[in-house]
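Visitor: I would be grateful for a close look at a single part of this structure, the network of salt bridges. Please describe its members and their surroundings in a connected account.

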Amino acid sequence: MILLALACVEPVDTAGPGEADTAPPADTGDSAAPLLPQPAPAEDLDPDESVVHVALEASPLSFEVNGRTVEGFAYNGQVPGPLIRAQVGDTVVVDFTNHLDAPTTVHWHGLAVPAAMDGVTWLQDPIQPGLGFRFEFTVTEAGTFWYHPHLDSDHQVDLGLYGVLLVEDPAEPAVEQDLVVVWDAWGEDPEADTHTAPDPSSVVWTANGVVEPRLELAAGERVRLRMLNVANLSYLDLAWPGLRQIAGDQGRLAALAAPESVLLAPGDRAEFELLPTASLTVETALHTASGGAVPGAALPLLQVVLPAEQPAPEAADWPFAGGAVAPDPGTTDAIYVFSGGGGDAWLINGEVYPDVTVQTLALGRSSVVEVRNLSSTEHPFHLHGHAFEVLSQNGEAPAAREVEDTVNVGIRESVRLLVHADNPGDWMAHCHLLPHAEGGMMAVLRVE
Ligand code: C2O
Ligand code: CU
């Protein structure tokens, strides 16, 4: 059954702007599932090789998900928004215009941009309807990043305002297909801003706007899948035969990983090299913020279709980052304690944003930030402007060096993070369950 009839999420009454610019391969006819589309790329307005200059507009858009019309929003008339592709070292210029009837901002999730470009209302007046803002920054690390509003985000991101910014490193090997897969979760009523985690078995997931699409591979093809979870409250717990992870939030891992499963909390990214020997179904186990793994059948997310069984294609030679897990210096420079959730208030250190006590890290030092969760739900902790290394989760060091910008903190868990405080300014430190963040679960970490 096709739950969502349109490739990428397209406007209901006009054709085309959400479509990828390359025609999908011809339908083989043996499956009713739509093909996995790619978000149309952003047009680069600057001929200079080292400058990516993009025009970005936020507007209202009606589109269809799971058989119902969503009165939502879109960047450049498409959901996900235009794919911005840059190379390490490039300057990115984004001329943004707000055609919504409400104020907004654009935040560059995972990128170490200057504080004035971070798109947060703590530092910048919201961009009013009809007005614009020029964002300009240099991208220094390869990886899969994303952009979204940082204002009324449980509404604006939820209803379609998100897009991917890829930073490529010329040292990375070419693969036959390099694909982004933006996962979003839709509840019974896509327009309800729920404050409680939905039952994970009732959620409908879309990949680039499509429910359970199929990805057709030719024999021997290597595929790089860059996955992002942009959902408000829903978690993905991915597993498939031969799962191989090459990158996390902040680019390539220390070494190739073959985990049994990968948890993608809201805000998280992970990259995989898919080397299938047979057609397979990418599935998610059931996981909820209000209690972790849930028993129940895994949900199919994506069909990978091969013409015939084959030996696994050879793995590409990824220039992994290397490095060991850093030793914990034992000191703590900032502490965040998650609590609340009884009513609508979600707290950090007993405070509700924006009435928060600013904590400070010394510029140029490696500092430890500890996050403790005393509430009755999980929370993905996200820090702006910096990458961090996970030192330990509940006292246990990770198996390999993990460089992230978003890390899930389970109920009663604590995590210790090593932050290389090299980007001066005020940075949001918050839960990436967007109704929690908008409900007050956001703090400010100053680096000076
Ligand atoms: Cu993805 Cu503070 O944001
Ligand atoms: Cu939270």
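Guide: In this predicted model, a network of salt bridges links Asp169, Glu172, Asp178, Arg224, Arg226, Arg252 and Glu271. The structure as a whole holds 18 salt bridges. Side chains of opposite charge can pair when their charged atoms come close.

One pair within the network is formed by Glu172 and Arg224, whose side chains meet in a salt bridge at 2.8 Å, N to O. Glu172 belongs to the loop between β8 (163–168) and β9 (177–186), while Arg224 belongs to strand β13 (residues 223–229), so this pair ties together parts that are 52 residues apart in sequence. Glu172 has a relative accessible area of 13%, and because buried means under 20%, it counts as buried. Arg224 is also buried, at 4% relative accessibility.

A further pair in the network joins Arg226 and Asp178, again through a side-chain salt bridge, with an N to O distance of 2.8 Å. Here too distant parts of the chain are linked: Arg226 is in strand β13 and Asp178 is in strand β9, 48 residues apart. The two partners differ in exposure. Arg226 is buried, with 0% relative accessibility, whereas Asp178 is partly exposed, with a relative accessible area of 23%.

Another salt bridge involves the loop between β8 and β9, and it may be read alongside the network. The side chains of Glu176 and Arg222 meet at 3.6 Å, N to O. Glu176 lies in the loop between β8 and β9, and Arg222 lies in the loop between β12 (214–216) and β13; the two residues are 46 residues apart, and the pair links distant parts of the chain. Glu176 is partly exposed, with a relative accessible area of 45%. Arg222, at 19% relative accessibility, is buried, because the limit for that class is under 20%.

Taken by element, strand β13 supplies Arg224 and likewise Arg226. The loop between β8 and β9 holds Glu172 and also Glu176, while Asp178 is in strand β9.

Other parts of the model may be set beside this region. The copper ion (ligand 2) is coordinated by His379 (ND1), Cys431 (SG) and His436 (ND1), at 2.0 to 2.1 Å. Along the chain, the donors of this ion follow the spacing H-x51-C-x4-H. His379 is part of strand β27 (residues 379–383) and His436 is part of helix α2 (residues 434–438), so this pair ties together parts that are 57 residues apart in sequence. Both histidines are buried: His379 has 0% relative accessibility, and His436 has 2%.

Acidic residues also occur in another setting, a negative surface patch formed by Glu43, Asp44, Asp48 and Glu49. Of these, Asp48 is found in the segment before β1 (51–65) and is partly exposed, at 38% relative accessibility.

Note on methods: Residues are numbered from 1 along each chain as its sequence is written. Chains are lettered from A and ligands numbered from 1 in the order in which they are written. This is a predicted model: local features need pLDDT of at least 70, side-chain atom pairs count only at pLDDT 80 or more; totals for chains, interfaces and linings use all residues. Side-chain values use heavy atoms; hydrogens and water are left out. Patches are made of residues with over 30% relative accessible area and no salt bridge: like charges are joined within 9 Å, nonpolar side chains (Val, Leu, Ile, Met, Phe, Trp, Tyr) within 5 Å. Accessible areas come from the Shrake-Rupley method with a 1.4 Å probe; for residues, only the protein chains shown count as cover. A salt bridge is a side-chain nitrogen of Lys or Arg within 4 Å of a carboxyl oxygen of Asp or Glu. Lys and Arg count as positive and Asp and Glu as negative; His and the chain ends are not counted. The place of a charge is taken as NZ of Lys, CZ of Arg, CG of Asp or CD of Glu. Helices (H or I, at least four residues) and strands (E, at least two) are DSSP runs, numbered from the N terminus. Buried means under 20% relative accessible area, exposed over 50%, partly exposed in between (1.4 Å probe, protein chains only). Donors are N, O and S atoms within 2.8 Å of the metal (3.2 Å for Na, K and Ca); water is not among the atoms, so sites may look incomplete.
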